[in-house]
Amino acid sequence: MSTGSPAHTRILLKLSGEALLGPDRDFGIDETVIRNYAQEIKRAVDLGAELAIVIGGGNIFRGVQNAMKGMTRAHADYMGMLATMINGMALQDALEQVGLQTRLQSSIKMEEIAEPFIRRRAIRHLEKGRVVIFGSGTGNPYFTTDTAAALRGLEIDAEMILKGTRVNGVFTADPEEDDSAERFVEIHGDEMIRRNLQVMDMTALTLCRESSMPLRIFDMGVKSNLTRIVQGEDIGTRVHWNEEADAPYVTAAL
Ligand code: UDP
């Protein structure tokens, strides 16, 4: 059901696992957060956007990290990828409860619960208005779900990658500690790398850089932010790769 044409059509949305913790938890999934996400995603799809989602696993993975001390890195990383599948399944259920059609694709074979990742199939689902959730990250240890988001975003030919976090974009300093902090309204990706702003890991940024994939970092916890972005509004921080830009960045007061 489309209620007008969106400014952005195919979007890869990266949701961090940690955002699913909500305000009170150290571990697991906050019901209200995931329900709100589902409603917001529904509104974006109703506007006509094609949405693919990569979800992280930090909310589960970091909760068992103590038990993983001393574990081989690759082994622990596979556990992290399984954590993203738990979140992916929870999100899939929440999306279906608000009436969306979904498919969960996994980079690690789990035939009973998810389709394997098949690029052409994922694109076809999106064209049919289904929300596609990509679980298990890239399927490889030593990577992150940010990198999975960049990779899958490029593969499905997304118009941009949206990274939904708990803060409204990228700042010059920690806004909770520094009154003079400003938000970057837009910033060249190279400038972000030069400043070592820890917004996305370097592997993910390098992938985006090579294909000039635009990114936007925004607060997914604020109702209607996602739909406003889909409609073309300038929310959060836009990361671009435009060599012709007048300035490496533009800021705004908090
Ligand atoms: N992970 C991995 N390969 C991937 C994606 C994820 O090994 O392609 C593992 C890695 O250990 C990571 C964990 O899964 O720390 C959870 O993902 P991430 O930390 O990116 O989740 P987020 O911080 O977004 O919740």
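Let's start at one side chain: that of Gln 105, which reaches the backbone nitrogen of Ile 118 at 3.2 Å. Bear in mind that we're looking at a predicted model. The Gln 105 side chain has a second polar partner to look at, the side chain of Glu 115, with the contact at 2.9 Å.

Where does Gln 105 lie? It lies in strand E3, which covers residues 102-106. Is Gln 105 buried or exposed? Its relative accessible area is 1%, and the cut-off for buried is under 20%, so Gln 105 counts as buried. Take a look around and you'll find what it touches: leaving aside residues up to four places away in sequence, the list includes Glu 115, Pro 116, Phe 117 and Ile 118, along with Arg 121, Ala 122 and His 125. Val 132, Ile 133, Phe 134 and Gly 135 are also among the residues that Gln 105 touches.

That last group takes us over to strand E5, residues 131-135. E3 and E5 run parallel and are joined by five bridges, and in this pairing Leu 104 stands opposite Ile 133 of E5. Now bring in strand E2, residues 50-55: it runs parallel to E5 too, with three bridges joining the two. Here you can pick out Val 54, which stands opposite Phe 134 in E5.

So how enclosed is E5? Five of its five residues are buried, so the strand is largely enclosed by the rest of the structure. Go through E5 face by face and you'll see that both are covered: Val 131, Ile 133 and Gly 135 are buried on one side, and Val 132 and Phe 134 are buried on the other.

Terms used: Residues are numbered from 1 along each chain as its sequence is written. This is a predicted model: local features need pLDDT of at least 70, side-chain atom pairs count only at pLDDT 80 or more; totals for chains, interfaces and linings use all residues. Side-chain values use heavy atoms; hydrogens and water are left out. Helices (H or I, at least four residues) and strands (E, at least two) are DSSP runs, numbered from the N terminus. Buried means under 20% relative accessible area, exposed over 50%, partly exposed in between (1.4 Å probe, protein chains only). A polar contact is a pair of N or O atoms within 3.5 Å; within protein, one must be able to donate a hydrogen and the other to accept it, and residues adjacent in sequence count only if both atoms are side-chain atoms. Contact means heavy atoms within 4.5 Å. Two strands pair if DSSP finds at least two bridges between them.
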